Amino acid sequence: MPKHSFVLNGKKVSVDIENNVRMLWVLRDVLGVTGPKYGCGIRVCQACTSHLNGKHFNPCSVPVSDIRSSDRITTIEGLAKTVKGKNLHPVQEAWIKYDVAQCGYCQPGQIMAATALINRVKKSGRKISEADLDTLRNVCRCGTYPRIREAIKYAASKM
């Protein structure tokens, strides 16, 4: 069976698994990282959103063979470690401040997508806008979108 290596939440990992297995199953079933959730399996709901080299990606649609040994994958479990001296990432803190979560199922993906969006907008030298927030496509069955938007604006002001 092929061996695949990459960096997961700051630690080098290796798995022996077939090339066509989707990264979501590698993360959840092989490595026991359960933050990325299974929703649709076709990159529509985005409950599995994580970061690949700092950019958001949906591991439900990426085969493990597409991941290089130098690639860095961050899930909600490793997000706080990307900020020095903090137990929570500013987006996680904003989620708590604005009491965003209801059922919580989509929240890891929402937080990871929001963090990538804030970083991307900040890198371009702009402040986050309503149009930027409109680009987020993560599905929340509980309908917490107004609180998600407020939490993202708050987090963006702290990052």
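How far apart are the end C-alpha atoms of helix α4 (residues 107-123)? The views below, all taken from a predicted model, start with that helix and then turn to the pockets it helps to line.

**View 1. Helix α4 from end to end.** The end C-alpha atoms of α4 are 24 Å apart, and this agrees with the 24 Å that its 17 residues should span at 1.5 Å a residue. Just past the helix, have a look at G125, whose phi is positive at about 85°.

**View 2. The surroundings of α4.** Of the 17 residues in this helix, 13 are buried, so α4 is largely enclosed by the rest of the structure. Buried here stands for under 20% relative accessible area.

**View 3. The largest pocket.** This pocket has a volume of about 340 Å³. Its lining is made up of 15 residues, and N53, G54, K55, A116 and N119 are the closest to the centre. Two elements, β4 (55-57) and α4, each give two or more residues to this lining. The top contributor is α4, with five residues. By class, the lining holds nine polar, three nonpolar and three charged residues.

**View 4. The second largest pocket.** Here the volume is about 160 Å³. Among the residues to find along the lining are I118, V121 and K122, together with R126, K127 and I128. K153, A156, S157 and M159 line this pocket too. Helix α4 appears again, and it and α6 (145-158) are the elements that give two or more residues to the lining. Five of the lining residues are nonpolar, four are charged and one is polar.

Notes
Residues numbered from 1 in each chain as written. Predicted model: local features only at pLDDT ≥ 70, side-chain atom pairs only at ≥ 80, totals over all residues. Heavy atoms only, no water. Helix = DSSP H or I, 4+ residues; strand = E, 2+ residues; numbered from the N terminus. Expected span 1.5 Å × (residues − 1). Buried < 20%, exposed > 50% of the residue type's maximum accessible area, 1.4 Å probe, protein only. 1 Å grid on protein atoms, 1.4 Å probe; cavity = no way out; pocket = protein on both sides within 12 Å on 5 of 7 lines; lining within 4 Å. Points joined across faces, edges and corners; volume = space filled by probe spheres on them. Nonpolar A, V, L, I, M, F, W, Y, C, P; charged D, E, K, R; others polar.
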